[in-house]
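Here is a short report for a first look. Keep the model in view while reading.

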Amino acid sequence: EVQLVESGGGLVQPGGSLRLSCAASGFTFGDYAIGWFRQAPGKEREGVSCISNRDGTTYYADPALGRFTISSDHSKNTVYLQMNSLKPEDTAVYYCAADQNFYPILASEYDYWGQGTQVTVSS
């Protein structure tokens, strides 16, 4: 069974950092792209960052560029999202998703999704 499990969310003050993890199982990790998406209440789900495990290509949406770093550990079948300089606007449920193709910003194209982890940035 394909499974994606996010972890690492929590409450952090503005300017702080969190590292999210997406642990994958049930498919060939190296053949897939993994994307991070987020959804705030009343908002559409939006792409944050993604990585192709085929060739290492990465993508960052404008709000994440320069603050977030995506990486993949093939030995652990895990993708990470290091989030620095967090802002209240980053508050959302963060989801990871997997697909055999690389779709940087199109959530509708991803086949498999985790359950999400809550990130709250507040003082």
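The structure holds six aromatic pairs. All of this comes from a predicted model. A pair of aromatic rings is described by the distance of the centres and the angle of the planes. How far apart are the ring centres of F27 and Y32? They lie 4.5 Å apart, with the planes at 55 degrees, so this pair is tilted. The cut-off for edge-to-face is over 60 degrees. Both F27 and Y32 are buried.

Y110 and W113 make another pair. Their ring centres are 6.4 Å apart and their planes stand at 65 degrees, so the pair is edge-to-face. The two partners can be taken one by one. Y110 counts as buried, because its relative accessibility is 4%. W113 is partly exposed, with a relative accessible area of 26%.

Y110 and W113 also belong to an aromatic cluster, together with F37, Y95 and Y103.

Charged side chains come next. The table lists two arginines that lie over ring faces.

| Charged residue | Ring | Distance from the ring centre |
|---|---|---|
| R19 | Y80 | 4.2 Å |
| R45 | W113 | 4.8 Å |

So W113 has two roles here: its ring pairs with Y110, and R45 lies over its face.

Now the sheet. Four strands form an open sheet in the order 1-3-8-7, and the pairing is antiparallel. Which strands are the edges? They are strand 1 (3-7) and strand 7 (68-73), and each pairs on one side only. From one strand to the next, the twist averages 15 degrees.

Strand 8 has two neighbours in that order, strand 3 and strand 7. Strand 3 covers residues 18-25 and strand 8 covers residues 78-83. Six bridges join these two antiparallel strands. One contact can be named: L18 has M83 in strand 8 as its bridge partner. Strand 7 and strand 8 are also antiparallel, and six bridges join them. Here I70 stands opposite L81 of strand 8.

Strand 7 and strand 8 form a hairpin with four residues between the strands. N77 sits in this loop. What is the phi of N77? It is positive, about 50 degrees, although N77 is not a glycine. N77 is partly exposed, at a relative accessible area of 27%.

S85 gives another example. Its phi is near 50 degrees, a positive value in a residue other than glycine. S85 lies in the loop between strand 8 and strand 9. Its relative accessibility is 42%, so S85 counts as partly exposed.

Last, the interior. How many residues does the largest nonpolar core have? It has 27. The residues with the most contacts inside this core are I34, W36, F68, V79, L81, M83 and Y94. L81 and M83 have come up before: L81 is opposite I70, and M83 is the bridge partner of L18.

Several strands feed this core. Strand 3, strand 4 (33-39), strand 5 (46-52), strand 7, strand 8, strand 9 (92-99) and strand 11 (117-121) each supply at least two residues. A second, separate core has five residues, including C50, A97, A107 and Y110. Y110 thus links back to the opening topic, as a member of the aromatic cluster with F37, Y95, Y103 and W113.

Methods
Residues numbered from 1 in each chain as written. Predicted model: local features only at pLDDT ≥ 70, side-chain atom pairs only at ≥ 80, totals over all residues. Heavy atoms only, no water. Pairing = 2+ DSSP bridges. Axes fitted to C-alpha atoms, helices over the stretch in contact; angles between N-to-C directions. Phe/Tyr/Trp six-rings, centres within 6.5 Å; stacked < 30°, edge-to-face > 60°. Buried < 20%, exposed > 50% of the residue type's maximum accessible area, 1.4 Å probe, protein only. Lys NZ or Arg CZ within 6 Å of the ring centre and 35° of its normal. Core = buried A, V, L, I, M, F, W, Y, C linked by side-chain atoms within 4.5 Å.
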